[in-house]
Amino acid sequence: MLILGSMPGQASLKAQQYYAHPRNAFWAIISDFIGIAPSTEYAQRCHSLLAHQIAVWDVLASCQRPGSLDANIVAGSLIVNDLPGFLAQHSSIHSILFNGRTAEKLFHQHVKAMLKRPYHYQHLPSTSPAHARQSLAQKQTHWLQALRQASHGHQTRLASN
């Protein structure tokens, strides 16, 4: 599966690590799913993601955005990652999960029409601390359900091959 964010925030860019903001719920949720401690060294967390056949990337390669809020992305400044090329090279990916509405919206506006095959798409609540409409427990429930479903779908496809 592929988990897509919109664009890394300031803390992630500074640390050169996905979801580096200490209050971002991503690693707490993913760590629960893959069975490691959220405090595990970043390189090991990334290795564990790959071992569970989970890729993480962003729809945008770059953009102008004062601060870290997606609402502040300057529309004319978007440079989109080569997701069609990535997906073509990684044909085992069948599910794309969106970390928040902005990632989903950008993907559908700039990428989806270029894809050569269908995928299962799933919107998930943003793990960002700025998305406070849902508690960590609520986010975790939605995320774990979607991760299990995407993982189960992958296992079912492997069994039928």
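**Close-up 1. The largest nonpolar core of this predicted model has 21 residues.** Start with I3, F26, I30, I54, L97 and L147, the residues with the most contacts inside this core. Three elements give it two or more residues: α2, α3 and α6 (136-160). Helix α2 hands over the largest share, six residues. There's a general habit behind this kind of grouping: in soluble globular proteins, nonpolar side chains tend to be buried together.

**Close-up 2. Here we zoom in on I54, one of the core residues with the most contacts.** What does I54 touch, once its neighbours within four places in sequence are left aside? The list runs M1, I3, F33, I34 and L49. Apart from this core lies another one, made of 20 residues, and A55, I93, L115 and Y119 are among them.

**Close-up 3. Helix α2 is mostly covered.** Of its nine residues, seven are buried. You can pick them out as F26, W27, I29, I30, S31, F33 and I34. Keep an eye on what comes just after the helix: G35 has a positive phi of about 80 degrees.

**Close-up 4. Helix α3 (residues 42-51) has buried residues at Y42, R45, S48 and L49.** Looking down the axis of α3, these buried residues fit within an arc of 120 degrees, so they line one face of the helix. What do they pack against? Their partners are α2 (26-34) and β2 (55-58). Over on the other side of α3, L50 and A51 are exposed. Following the helix comes Q53, with a positive phi near 55 degrees.

**Close-up 5. Four strands make an open sheet with parallel pairing.** Read across it and the order is β2-β1-β5-β6. Why do β2 and β6 (120-124) each have a side without a neighbour in the sheet? They stand at the edges with a single partner strand each, so one side of each is left free of a sheet neighbour. From one strand to the next, the twist averages 25 degrees.

**Close-up 6. Strands β5 (residues 95-99) and β6 run as a parallel pair.** Five bridges link the two strands. To find one of the matched positions, look for I96: its bridge partner in β6 is Y121.

**Close-up 7. This view picks out R101 and E104, whose side chains meet in a salt bridge.** The N to O distance is 2.9 Å, and the structure holds one salt bridge. Both residues belong to helix α5 (residues 101-110), where being three residues apart puts them about one helical turn from each other. The general rule is that an α-helix has 3.6 residues a turn, so residues three or four places apart point the same way. Are the two partners buried or exposed? R101 counts as exposed because its relative accessibility is 56%, whereas E104 is buried at a relative accessible area of 17%.

**Close-up 8. Our last stop is S77, in the loop between β3 (60-62) and β4 (79-80).** Is this loop residue buried or exposed? S77 has a relative accessible area of 15%, so it counts as buried. Which residues does S77 contact, leaving aside neighbours within four places in sequence? They are S62, C63 and Q64.

Key: Residues are numbered from 1 along each chain as its sequence is written. This is a predicted model: local features need pLDDT of at least 70, side-chain atom pairs count only at pLDDT 80 or more; totals for chains, interfaces and linings use all residues. Side-chain values use heavy atoms; hydrogens and water are left out. A salt bridge is a side-chain nitrogen of Lys or Arg within 4 Å of a carboxyl oxygen of Asp or Glu. Buried means under 20% relative accessible area, exposed over 50%, partly exposed in between (1.4 Å probe, protein chains only). The arc is that of the directions from the helix axis to the C-beta atoms. Contact means heavy atoms within 4.5 Å. A nonpolar core is a set of buried Ala, Val, Leu, Ile, Met, Phe, Trp, Tyr and Cys residues joined through side-chain atoms within 4.5 Å. Two strands pair if DSSP finds at least two bridges between them. Axes are lines fitted to C-alpha atoms, for helices over the stretch in contact, and angles run from 0 to 180 degrees between N-to-C directions.
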